[in-house]
Amino acid sequence: MVLTIHHLHVSQSERLPWLCEELNIPYELKTYHRAPLLAPPEYKTLHPAGTAPIIQDGDLTLAESCACIEYISHRYADGKLFLTPSHHRYADFLYWWHWADGTFSPSVTRSMMMRGAGVSEENQFMVITRTRLRKALEALDERLAGNVWLAGEEFTVADLMVVFLLTTFRYFEPFGLGEYANIVAFLGRVGERKAYQVAMAKCDPDMELLLGEEGPERTFVEVNRGD
């Protein structure tokens with residue numbers, strides 16, 4: 001039974017084909033178009049969560065990015081791209097692995113939702129939201145000032161987790177990275193990885209990869225509502 005990855009176009013499920021390409025794990029990729037902004041009904045029926053990513057492995061159906069990544073790595077690759085407790089950079093790895101979903105994702109998601117709701121930039125909650133996003137980007141940029149990857153010299157799933165939020169997610173929240181040279185350099189290194197190139201060509205072959213300073217001219221929402 002081949003591992004099946006259900007990928008919703010322009011979504012965080014892009015992480016899983018990338019992981020499998022990095023680890024040389026065979027997989028079947030099933031792709032779904034948004035309808036027009038959210039997942040189509042057939043995707044939502046795959047798992048009670050109704051969100052991307054979703055994988056199937058025999059009788060198992062699993063959702064949530066971190067859960068899927070851990071499952072695939074440990075089930076099929078002896079935990080590769082995870083650092084063990086005996087590794088001298090284990091604490092760094094652990095922090096940044098959880099930082100992506102625990103700190104950064106809530107910051108960019110909240111910013112997107114408040115902007116989409118028409119909250120003014122002067123609103124105190126918007127000010128707090130923008131401040132948190134800026135501080136998160138500053139922390140990430142500082143971390144990458146002296147490190148090739150988030151855990152040091154080794155590429156890990158911590159790097160894989162954060163990239164979507166810095167790239168594809170900017171089609172929903174188009175923040176710029178002009179002030180964060182170290183993040184841009186990091187994304188340049190990501191773009192040079194063969195596994196990333198192959199995975200993204202399979203996942204979203206028509207999507208421009210946002211690996212530079214600028215966000216898109218129009219968001220995914222604007223394109224799909226005809227703005």
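# Exercises on helix packing, pockets and backbone

In this predicted model, the buried residues of α6 pack against α1, α3 (65-76), α4, α5 (124-143), α7 and α8 (194-203). The exercises start from that helix.

## Exercise 1. Burial of α6

**Task.** Find how many residues of α6 are buried, and list them.

**Solution.**
- Apply the cut-off: buried means under 20% relative accessible area.
- Count along the helix. Ten of the ten residues of α6 are buried, and the helix is mostly covered.
- List them: Val157, Ala158, Asp159, Leu160, Met161, Val162, Val163, Phe164, Leu165 and Leu166.

## Exercise 2. How α1 meets α6

**Task.** Describe the packing of α1 and α6: angle, axis distance, handedness and contact residues.

**Solution.**
- Start with the geometry. Helix α1 (residues 15-23) packs on helix α6 (residues 157-166) at an angle of about 145 degrees. Their axes are 10 Å apart.
- Next, the handedness. The crossing of α1 past α6 is right-handed.
- Now the residues. From α1, the contact uses Arg15, Trp18 and Leu19. From α6, it uses Val157, Leu160, Met161, Val163, Phe164 and Leu165.
- Sort them by class. The contact holds eight nonpolar residues, no polar ones and one charged residue.

## Exercise 3. The surroundings of α1

**Task.** Why can α1 be called largely enclosed by the rest of the structure? Then describe the residue just after α1.

**Solution.**
- Check each position. The buried residues are Arg15, Leu16, Pro17, Trp18, Leu19, Cys20, Glu21, Glu22 and Leu23.
- Draw the conclusion. Nine of the nine residues of α1 are buried, so the helix is largely enclosed by the rest of the structure.
- Step past the helix. Asparagine 24 comes just after α1 and has a positive phi of about 55 degrees. Its place is the loop between α1 and β2.
- Check its exposure. Asparagine 24 has a relative accessible area of 68%, so it is exposed; the cut-off for exposed is over 50%.

## Exercise 4. Unusual backbone

**Task.** Locate two cis peptide bonds and a positive phi at a glutamate.

**Solution.**
- Recall the background. Most residues other than glycine have a negative phi, and most peptide bonds are trans.
- Take the bond from alanine 35 to proline 36. It is cis, with omega near -15 degrees. Proline 36 sits in the loop between β2 (27-32) and α2 (41-44).
- Take the bond that joins alanine 52 and proline 53. It is cis too, with omega about 5 degrees. Proline 53 sits in the loop between α2 and β3 (54-57).
- Turn to phi. Glutamate 64 is not a glycine, yet its phi is positive, about 80 degrees. It belongs to the loop between β4 (60-63) and α3.

## Exercise 5. Two residues of one loop

**Task.** Threonine 168 and tyrosine 180 lie in the loop between α6 and α7. Are they buried or exposed, and what do they touch?

**Solution.**
- Place threonine 168 first. The loop runs between α6 and α7 (181-191). Threonine 168 is buried, at a relative accessible area of 2%.
- Find its contacts, leaving out residues up to four places away in sequence. They are Val10, Ser11, Glu14, Met200 and Met207.
- Move to tyrosine 180. At 8% relative accessibility, it is buried.
- Find its contacts, with neighbours within four places in sequence set aside. They are Arg134, Leu137, Glu138 and Asp141.
- Compare sequence with space. Tyrosine 180 and aspartate 141 are 39 residues apart in sequence, but 5.8 Å apart C-alpha to C-alpha.

## Exercise 6. The pockets

**Task.** Give the volume and lining of the largest pocket and of the second largest pocket.

**Solution.**
- Begin with the largest pocket. Its space is about 790 Å³. The lining has 30 residues, and Arg34, Leu38, Met112, Phe169 and Phe172 lie nearest its centre.
- Trace the lining to elements. Those that give two or more residues are α4 (90-116), α6 and α9 (220-224). The largest share, seven residues, is from α4.
- Sort this lining by class: 14 nonpolar, nine polar and seven charged residues.
- Go on to the second largest pocket. Its space is about 230 Å³. Twelve residues line it, and the closest to its centre are His9, Val10, Asp204, Asp206 and Met207.
- Sort the lining of the second largest pocket too: six nonpolar, three polar and three charged residues.

Notes. Residues numbered from 1 in each chain as written. Predicted model: local features only at pLDDT ≥ 70, side-chain atom pairs only at ≥ 80, totals over all residues. Heavy atoms only, no water. Axes fitted to C-alpha atoms, helices over the stretch in contact; angles between N-to-C directions. Helix = DSSP H or I, 4+ residues; strand = E, 2+ residues; numbered from the N terminus. Left-handed = near helix turned anticlockwise from the far one by under 90°. Contact = heavy atoms within 4.5 Å. Nonpolar A, V, L, I, M, F, W, Y, C, P; charged D, E, K, R; others polar. Buried < 20%, exposed > 50% of the residue type's maximum accessible area, 1.4 Å probe, protein only. 1 Å grid on protein atoms, 1.4 Å probe; cavity = no way out; pocket = protein on both sides within 12 Å on 5 of 7 lines; lining within 4 Å. Points joined across faces, edges and corners; volume = space filled by probe spheres on them.
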